[in-house]
Structures are given as C-alpha cells and as structure tokens.
Amino acid sequence: MKFFLGNFAKLIGLGFAVLTIPIQANDNLVRSLPLEQWLPRQEKVALKNLLRNISPPGAAKGAVVASPSQINPNYWYHWVRDAALVMSFIVEQYRNTGDPNQKSYYLDLIWDYIDFSRTNQLTATPSGGPGEPKFNVDGTVFMGPWGRPQNDGPALRALTLIQFAKTLLSEGKYEEQRRLSSIIKFDLEYVLHHWKDACFDLWEEIKGHHFYTLLVQYRSLVEGASYMGLVGDNSASDSYAAGAKNLETELQRFWDSSRGYLQSTLNRVGGIEYKNSNLDSSVILGVLHAASSDDFFGVDDPRVQATVLKLKEKFKSLYATNQMGPRGVGIGRYPEDKYDGYSSEGEGNPWVLATNGFAEFFYKLRNRYRSKGEITVSQLNRSFFKEMGFTFPLGKIRKTEPLFEQVLKKLQEEGDQYFERVKFHADSDGQMSEQMNRWSGYQQGARDLTWSYASFLTALRMR
Ligand code: NOJ
Ligand code: NOJ
C-alpha cells in the first residue's frame, strides 16, 4: 500500500504532491508531538529495536543483522561496517550505565560480537582478508557476487574494539583487555598494508579510493598508535603513527577547490559510472565516524562545512518531500543515486541514517565550538554561516562576545531541524527503515535497519 502511494505521488508529480499533503500523512499523532516529547519516546523504541537485531533468534551469538528483512531486500546478514557502528554505540552504553545488570548485559553482547568477529577474521573469504564486507548470520562466509573488498570495515571494527579495550584498561581489567590486542592488530595491520589498494566504497558500488574509507582508516591508525603506546607495544605504535602520516597527505587531495566541496571518490577503477557530481553525504559520515578531538577533518574544518552546505542545497531541491514540512532537509546518499531500497534501477531517496547524521553534525559542531571557545570564519565557511542567517567578517568570534552564544544556539536549532524531518516521516510505532520515499515520505527499503537506529541514538547522545 505504501509502495503504491509512493508511486502514485510520483505519477501525479511534484507540483501536485506539494499541494496534496494528505498523501504524505504518515502519522498525525507523531507529527503533532513536540520534538522534546518525541525524542525520549523514540529513544526507547530505537534502543529496543536495535537490541532485537543483535544475536536474534536464528543467528549465531554476536551477529548483528543489518535488518530483519529477509526478502526485498534481503538484509539478513552481518555487515562488518554496520555491526562496528552499532557496537560502538553499545560500547558507549556499557561505559555510561551505572546499573550493574545493564552493564553485564552489554558486556555479554560485546564479547559475543568480538567472538563472532574473530571467527570472521580467521575464515577464508573470497576477498582473501578482513575487507570482506558481509557474512552469513551463522558466521559462515558469504560466497555470492558482491562489491569486495570494502576496506572501511576492518578500520571501523578496530576503532570499536580500541574504544572497548581502552574502557577495559580504565576499569583495570587487564587480562580481558589483553585478549583484544591480537584481534585489533589483525585489522590494523591490514589497514596499514592495504590502504593504497582500490576497494569498494561504503555504499558497495564504486571501486576506487574513497574519502570515507581513508578517513576512518586514518583514524584507526591514529587510535591504534595511541593504544599500542599505552600497552607498551612501541614498534606497532610507531608503524601505525607513520602510516597515519601518509594517509594524512593522501586525504588532502579530495578537496575540489573549483567545485567547493570534498569529493567522495578518486581514482575510480570500477563499479557504477553515473556518479558525476562526486558529491556524497558519506564525506560527512566519515567525519562523524572518524570522531576525534583533533582538528583533522573535524566538524569545524571549513572544507567539511562547505560540503555540508552543498549537500543540503542539493538534496533540498532534489526531493519533493523536502518542499514541505520542517525546514530540515532529508539527506540522501548522493544526487545520482538509483538504489531505492529494493533495486538499483529505481531512484534514490533520503536516508534515515544520513539525515540523523546531519543532526549529529550540528550538535557536534556546537559542542566543538563550545570547548574551543572560538569560531573561525574563513572564505570557505562564510556561506555556511550565511545560510544560517549570519553575515560574518573573516576572523574569529570569541566566547566573550554575545554573538558566540547566538551561533551555538543556532547550531542546536539546525540539528533539531534534521530530527524534525525524521519525526515528520516517522511511523506511529517508531519503526525506522533505511529510506524515506522522496515523493511520499513513507519509510522505504529494509525495515528496522539497525544502523538507522544507531544513527538516531548516537545523534541524540550528541545533543
Ligand atoms: C546493494 C547495496 O547494499 C547498495 O548499497 C547498492 O546501492 C545496491 N546493492 C545496488 O548496487
Ligand atoms: C546498503 C548500504 O549502502 C550499505 O552501506 C550497508 O552496509 C548495507 N546496505 C547494509 O545495511
């Protein structure tokens, strides 16, 4: 039914869809809830549904299914990337809870995930290494044709495991922490020796070098160097630090000064050919997933901010749903996208995880400026501020000026607008799919996408 309505809205065209709001009425009750009431309500649902997808009945312990959907599309697999991002959220849950029952519950989930991952690492795969993108839910290798390798996977997994290992260190659990070192090193050694290889991007479509992949690889080596330093493995620490330096240089090449944004892929050698803009929200996801407190391609990098603005403008005009409802824009993967959640001959839609990612970006930027105590306005990010209603001269805004707090407040409001967009298209039961139909706004593609929930919860935590 929903699918039909989506296509119907499409048939009658954008102009009409704008006028006939009822086509789009997902749930009026949810829609009328103020954000402050919706967020805690959605938080409960998201957490519950996310947890349901970890070690679900029918899967091995520690498997994180991308979605319970087993047909149209079949997402009943353990994707290394999705799982690492979801488990990074779980590690934070473990760290933050004071309740001993909760703590041991999360601890079990994490160790199951680690055991499952270790099996993945030691299994012979078609791609021949830890860049294998997905596994069957019983832990056996997936042999079908696929875009492989995807070398962001091992980097993201290493980041999650380092985050956990550091937590164990801080709790004085040295024996458990030691069990992790070889698993972490397995992934990091691969990153160190293979970052130059062309691989498939996180959307599993283009073979080449990708900003997203290289940035999370860079961060895994930086974190790896610091962790190995902490545990006294100085030779590993030194080699990861040296590797990170090389990646640092490589990543600078993605800035396209004539188009004014960071490109998603360089040196394409295979895969889809129609992504002409090279403009992709994965650049911003990379900045979020390679989270750090240093300045390297962080949320306050003017090149990142310029890219955020370009993406926002592009997706605003591209999707009919963005012409109605809240100011916040539904964000897609990239403008030329043809993957509708079922087939690659369709047309792209806004994605829940990308829109939540934009909310997170603005909250994170607010936090970043707050801790820095100053905002730097340059030629590159001036339009980014202009679009939010600020006309700034080049230079610094310091926390002693009243303007500083105004900007911070505005950033929070911006983030909230993206959450408003997600709320606007939410189901009454809080179910979140992969996408939101670009014509009707209905949830579309894999239902209960684990990563959609994780992106919501991570952004909310940042808020
Ligand atoms: C499935 C992939 O997961 C998705 O990212 C891609 O767009 C489609 N296949 C089409 O290639
Ligand atoms: C398709 C997405 O493009 C990819 O990034 C993701 O890993 C899989 N779906 C599974 O959720």
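Visitor: What makes the approach of R333 to ligand 1 a polar contact?
Guide: An oxygen atom of ligand 1 is 2.9 Å from an N or O atom in the side chain of R333. A polar contact is a pair of N or O atoms within 3.5 Å (within protein, one must be able to donate a hydrogen and the other to accept it, and residues adjacent in sequence count only if both atoms are side-chain atoms). So the R333 pair qualifies. The protein buries 77% of the 290 Å² that ligand 1 exposes alone (Shrake-Rupley method, 1.4 Å probe).

Visitor: What are the ground rules here?
Guide: This is a predicted model: local features need pLDDT of at least 70, side-chain atom pairs count only at pLDDT 80 or more, and totals for chains, interfaces and linings use all residues. Side-chain values use heavy atoms, leaving out hydrogens and water; residues are numbered from 1 along each chain as its sequence is written, while chains are lettered from A and ligands numbered from 1 in the order in which they are written.

Visitor: Why do the side chains of E204 and E205 count as polar contacts of ligand 1?
Guide: A polar side-chain atom of E204 lies 2.3 Å from an oxygen atom of ligand 1. For E205, an N or O atom of the side chain is 2.5 Å from a ligand 1 oxygen. Both pairs therefore meet the cut-off.

Visitor: How do you know that D82 makes a polar contact with ligand 2?
Guide: A polar side-chain atom of D82 lies 2.6 Å from an oxygen atom of ligand 2, so the pair passes. The protein covers 98% of the 300 Å² that ligand 2 has on its own.
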